[in-house]
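Here is a walk through one protein model, strand by strand and then out to its pockets and charged pairs. Have the viewer open while you read.

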Amino acid sequence: MSDLTELTIAEALEGLKAREYTAEELTEEHIKSIEASRALNAFVLETPDQAVDDAKASDARRARGEVGALEGIPLGVKDLFCTKDVRTTACSHILENFVPPYESFVTGKLRAAGACFLGKTNLDEFAMGSSNETSYFGPVRNPWGQEVADAGLVPGGSSGGSASAVAAGLCLGATGTDTGGSIRQPAAFCGIVGMKPTYGRCSRWGIVAFASSLDQAGPMTRTVKDAAIMLGAMVGFDENDSTSAQNVVPDFQAHLGQDIKGLRIGIPKEYRVEGMDQEIEALWTKGAGLLEEQGAEVVEISLPKTKYALPTYYIIAPAEASSNLARYDGMRFGLRVDGENLEETYMKTRAEGFGAEVRRRVLIGTYVLSAGYYDAYYLKAQKVRRIISEEFASAFDQVDAVLTPTAPTPAFSRGERTDDLISMYLNDVFTVPASLAGLPAISIPAGLSSHGLPLGLQLIARAFDESTLFRVAGALEEAAGWSPRPLKYQGS
């Protein structure tokens with residue numbers, strides 16, 4: 001039997017169909033891989049018994065001819081998705097012992113499709129971070145670049161645990177959430193595919209909220225095809241989510257393998273930012289050339305207001321976080337630290353329960369929403385957000401997709417930027433604009449740096465046109481010929 005942890009989802013489904021192995025065998029191999037790679041800290045909760053039970057049930061269904069879209073596939077679940085009777089913490093002390101009595105819409109859909117859940121993956125606390133160093137359960141290690149930095153490299157954030165787990169062969173795919181780049185940036189750092197669908201494609205119900213107008217679930221996988229398979233099992237209208245879209249869901253896989261002749265690909269000139277790694281700029285140029293070789297027309301476009309996207313994001317997102325996190329007060333669930341009166345109980349609970357980055361963003365958000373500052377900051381940021389959305393809409397009158405780098409640098413060392421918040425926040429400079437506009441975007445691994453670290457390219461498409469996004473992403477993936485994998489990480 002070949003190494004089952006090296007398969008893609010598509011390959012694993014074929015092997016299961018051909019009876020080359022069972023779902024139980026596939027799941028047990030991934031459980032062993034998780035146990036051998038705990039030094040990565042990719043999982044904050046392992047559920048091997050449940051995973052094996054899921055796999056046995058899957059094998060029984062397959063024997064009866066009942067086969068779901070992800071039948072028998074072992075997945076990781078970002079610990080931001082509520083899972084019924086399984087601890088869900090958002091990697092925060094304030095929710096350290098929270099066990100939801102309900103299942104999120106997305107994980108419920110994945111279960112219904114036959115997936116087996118291996119456990120909950122690590123993340124930046126409440127998804128606030130770009131390096132997965134703010135988790136209450138400790139930082140995640142990137143399986144790449146062990147020889148580059150003694151302290152280890154960050155996997156990106158906030159979905160760093162999911163990215164690390166997929167890259168290291170601990171699961172065949174994992175769920176992530178993307179508020180300003182939290183699927184795409186860690187995907188680029190870890191050499192995997194990370195896809196953020198159009199805002200509203202995936203229900204937010206049962207996902208611990210960070211910024212409600214930005215949060216969106218998506219798949220993290222090894223290939224574009226796997227992302228299409230997994231996304232197809234995650235989407236759908238949900239009446240419990242007022243922002244859930246009722247648009248018809250296409251067959252995302254049907255557009256893979258189609259040629260891209262005649263498609264127009266936009267290169268935004270404003271994305272050539274100061275401080276961008278020269279290797280990434282060279283890869284961007286190479287990626288455009290690869291698409292041209294396949295018949296696409298590459299044209300320069302202008303998105304002048306996107307330079308305001310990052311400051312706009314860091315007003316809107318903290319403001320919404322301030323509102324969403326007000327529910328964590330020690331009264332109904334989660335941590336409670338008693339004080340002499342109600343106000344002191346609130347203060348002590350939140351001071352002990354929230355980490356430094358969460359406290360920082362709550363304070364910023366409360367400030368920009370306060371009397372006298374709402375108009376100057378929050379309202380103005382919303383106006384700029386609309387302008388950015390309109391610029392993208394105008395751009396898509398001219399082009400079918402936009403190509404950019406995913407991140408301005410490769411993965412960096414743990415601790416390297418924890419005291420330089422501006423540098424940390426700038427990691428999202430290329431991903432935030434699509435989030436503000438609610439557009440679908442995907443990061444594809446397309447090359448290696450001179451130090452042997454993964455570099456990613458990002459594609460953005462018009463709203464609800466994931467089909468074109470997958471079509472172009474598949475063509476770019478094939479042309480780039482990405483195949484490197486990190487060394488098998490063993491540790492305890």
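How many of the six residues of strand 6 are buried? Six of the six are, so strand 6 is largely enclosed by the rest of the structure. Keep in mind that this is a predicted model.

**Strand 6 and its partners**

Strand 6 covers residues 216-221. On one pairing, strand 4 (residues 173-178) is joined to strand 6 by five bridges, and the two run antiparallel. On the other, strand 5 pairs with strand 6, again in the antiparallel sense, over two bridges. Met-220 is a handy landmark here: Ala-174 has Met-220 as its bridge partner, and Gly-194 stands opposite Met-220 too. If you want to find strand 5 itself, look at residues 193-196.

**Strand 3 and its partners**

Now move to strand 3, residues 116-121. Here too, six of the six residues are buried, so strand 3 is largely enclosed by the rest of the structure. Strand 1 (residues 43-46) runs antiparallel to strand 3, with three bridges joining them. Strand 2 (residues 74-78) runs parallel to strand 3, and that pair is joined by five bridges. This time Lys-120 is the residue to click on: Leu-45 stands opposite Lys-120, and so does Val-77. From strand 2 the chain passes through helix 4 (residues 105-112) to reach strand 3, making a β-α-β crossover that is right-handed.

A general point helps when you look along either strand. In a regular strand, side chains alternate between the two faces of the sheet.

**Salt bridges**

The whole structure holds 21 salt bridges. Three pairs are worth lining up by their N to O distance.

| Pair | Closest N to O distance |
|---|---|
| Glu-66 and Arg-64 | 3.2 Å |
| Arg-204 and Asp-241 | 3.5 Å |
| Glu-357 and Arg-360 | 2.4 Å |

What do these pairs look like in their surroundings? Start with Glu-66, which is partly exposed because its relative accessible area is 42%. Its partner Arg-64, at 54% relative accessibility, counts as exposed because the cut-off for that class is over 50%.

Arg-204 and Asp-241 are both buried. Their bridge spans some sequence as well. Arg-204 sits in the loop between strand 5 and strand 6, while Asp-241 sits in the loop between helix 7 (224-234) and strand 7 (264-268), so the pair ties together parts that are 37 residues apart in sequence.

Glu-357 and Arg-360 are a within-helix case: both lie in helix 11 (residues 356-369), three residues apart, about one turn of the helix. Glu-357 counts as buried because its relative accessibility is 10%, whereas Arg-360 is partly exposed at 30%.

There is also a network of salt bridges, which links Asp-54, Glu-103 and Arg-111. Of that trio, Arg-111 falls within the residue range of helix 4 (residues 105-112).

**Pocket and cavities**

Which residues are closest to the centre of the largest pocket? They are Tyr-102, Gly-206, Ile-207, Val-208 and Arg-327, out of 16 that line the pocket. The space inside comes to about 320 Å³. Sorted by class, the pocket lining has 10 nonpolar, three polar and three charged residues.

The model also has five cavities of 30 Å³ or more. The largest cavity has a volume of about 70 Å³. It is lined by 14 residues, and the closest to its centre are Ala-127, Gly-129, Ser-182, Tyr-313 and Asp-428. Its lining is made up of five nonpolar, seven polar and two charged residues.

**A last stop at Pro-486**

Finish in the segment after helix 15 (466-480), where you will find Pro-486. With a relative accessible area of 13%, Pro-486 is buried, because that class takes in anything under 20%. For a sense of where Pro-486 sits, look for Val-166: the C-alpha atoms of the two are separated by 11 Å, although the residues are 320 apart along the chain.

Methods. Residues numbered from 1 in each chain as written. Predicted model: local features only at pLDDT ≥ 70, side-chain atom pairs only at ≥ 80, totals over all residues. Heavy atoms only, no water. 1 Å grid on protein atoms, 1.4 Å probe; cavity = no way out; pocket = protein on both sides within 12 Å on 5 of 7 lines; lining within 4 Å. Points joined across faces, edges and corners; volume = space filled by probe spheres on them. Nonpolar A, V, L, I, M, F, W, Y, C, P; charged D, E, K, R; others polar. Buried < 20%, exposed > 50% of the residue type's maximum accessible area, 1.4 Å probe, protein only. Helix = DSSP H or I, 4+ residues; strand = E, 2+ residues; numbered from the N terminus. Pairing = 2+ DSSP bridges. Right-handed = clockwise from strand over helix to strand, strands pointing away. Salt bridge = Lys/Arg side-chain N within 4 Å of Asp/Glu carboxyl O.
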